[in-house]
Amino acid sequence: MRRIYWAFMVVFSAVLLLSAIPWFGIYTFPMRYPTVFFSDWLSVVDSLLQLFFIILPIMALIGALRERSYFFTCAFMHTLVASYFGVSVIYGLNRIPLDLGPLNAHPIWVVNGVVAITILVVHTLGRGAAR
């Protein structure tokens with residue numbers, strides 16, 4: 001059961017990484033325009049979040065391959081950073097029109113919130129399988 005559990009986590013972290021790679025404008029912006037940054041504290045935070053957008057899925061994949069629990073922290077934080085930039089952690093979902101009723105104004109936040117809650121539930125319920 002433990003191998004199946006971590007195999008699922010490796011696949012999930014690979015999907016997170018593959019969904020972050022096409023948004024190269026987010027994580028390459030601090031490297032292409034370094035003079036824009038560090039004028040105030042908000043630009044420093046924004047550039048750090050842009051770098052975390054690609055670093056966190058890579059760390060989640062490394063954590064899942066090594067079967068470490070920091071996978072869950074990195075995957076959860078990646079969903080929050082992706083929500084900050086208005087990007088879905090499920091690749092291609094930004095191009096599909098969603099009808100969520102009263103939550104129609106923020107479909108990316110809803111989808112990323114469901115993914116974040118799923119990560120927390122899998123971490124909580126999977127503690128017995130991971131040991």
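Colleague: What makes Phe53 the site of a kink in α4?

Modeller: The angle at Phe53 is about 35 degrees, and Phe53 comes shortly before the proline Pro57. The bend at a residue is taken as the angle between two axes, one fitted to the seven residues ending there and the other to the seven starting there. This is a predicted model, in which local features need pLDDT of at least 70 and side-chain atom pairs count only at pLDDT 80 or more, while totals for chains, interfaces and linings use all residues. Residues are numbered from 1 along each chain as its sequence is written, and side-chain values use heavy atoms, with hydrogens and water left out.

Colleague: How do you know what length to expect of α4, and what makes α4 a helix in the first place?

Modeller: Helices are DSSP runs of H or I with at least four residues, strands are runs of E with at least two, and both are numbered from the N terminus. Helix α4 covers residues 41–65 and has 25 residues. The expected span is 1.5 Å times one less than the number of residues, which gives 36 Å for α4, and the 35 Å from its first C-alpha to its last is close to that. For α5 (70–84), the 15 residues should span 21 Å, and the end C-alpha atoms are 21 Å apart, so the two values agree. The whole chain has seven helices and zero strands.

Colleague: Why is Thr79 called buried or exposed?

Modeller: Buried means under 20% relative accessible area, exposed means over 50%, and partly exposed lies in between, with a 1.4 Å probe and protein chains only. Thr79 has a relative accessible area of 1%, and is therefore buried. Thr79 is found in helix α5, whose other buried residues include Phe71, Phe72, Ala75 and His78. Beyond its neighbours within four places in sequence, Thr79 is in contact (heavy atoms within 4.5 Å) with Val89, Asn112, Val115, Ala116 and Ile119. The cover over the buried residues of α5 includes α1, α4 and α6.

Colleague: What makes a set of residues a nonpolar core, and which members of the largest one touch the most others?

Modeller: A nonpolar core is a set of buried Ala, Val, Leu, Ile, Met, Phe, Trp, Tyr and Cys residues joined through side-chain atoms within 4.5 Å. The largest has 22 residues, and Trp6, Met9, Phe53, Phe71 and Phe72 touch the most other members. Helices α1 (2–20), α4, α5 and α6 (107–125) each supply at least two residues of this core. Phe53, where α4 is kinked, is also among the buried residues of that helix. Phe72, with neighbours within four places in sequence set aside, is in contact with Tyr5, Trp6, Met9, Ile119, Val122 and His123.

Colleague: Why is the pairing of Arg3 and Glu67 called a salt bridge?

Modeller: A salt bridge needs a side-chain nitrogen of Lys or Arg within 4 Å of a carboxyl oxygen of Asp or Glu. The side chains of Arg3 and Glu67 meet at 2.6 Å, N to O, and therefore satisfy that definition. The pair links distant parts of the chain, with Arg3 in helix α1 and Glu67 in the loop between α4 and α5, 64 residues apart. A search of the whole structure finds one salt bridge.

Colleague: How are the two partners classed by their accessibility, Arg3 and Glu67?

Modeller: Arg3 has 64% relative accessibility and therefore counts as exposed, whereas Glu67, at 18%, counts as buried. Glu67 also has a phi near 60 degrees, a positive value in a residue other than glycine.

Colleague: Why is Gly86, just after α5, classed as it is by its relative accessible area?

Modeller: Gly86 has a relative accessible area of 41% and is therefore partly exposed. Gly86 takes a positive phi of about 75 degrees and is found in the loop between α5 and α6. Its C-alpha lies 6.4 Å from that of Ile108, a residue 22 places away in sequence. Pro22, in the loop between α1 and α2 (24–27), is likewise partly exposed, because its relative accessibility is 35%. Pro22 and Tyr91 are 69 residues apart in sequence, with their C-alpha atoms 8.8 Å apart.

Colleague: What share of the chain is buried, and how much area does the chain expose?

Modeller: Buried residues make up 35% of the 131 residues. The chain exposes about 8000 Å², of which carbon and sulfur atoms supply 73%, with areas from the Shrake-Rupley method. Among contacts with a separation of 6 or more, 66% join residues 24 or more positions apart.

Definitions and conventions:
Accessible areas come from the Shrake-Rupley method with a 1.4 Å probe; for residues, only the protein chains shown count as cover.
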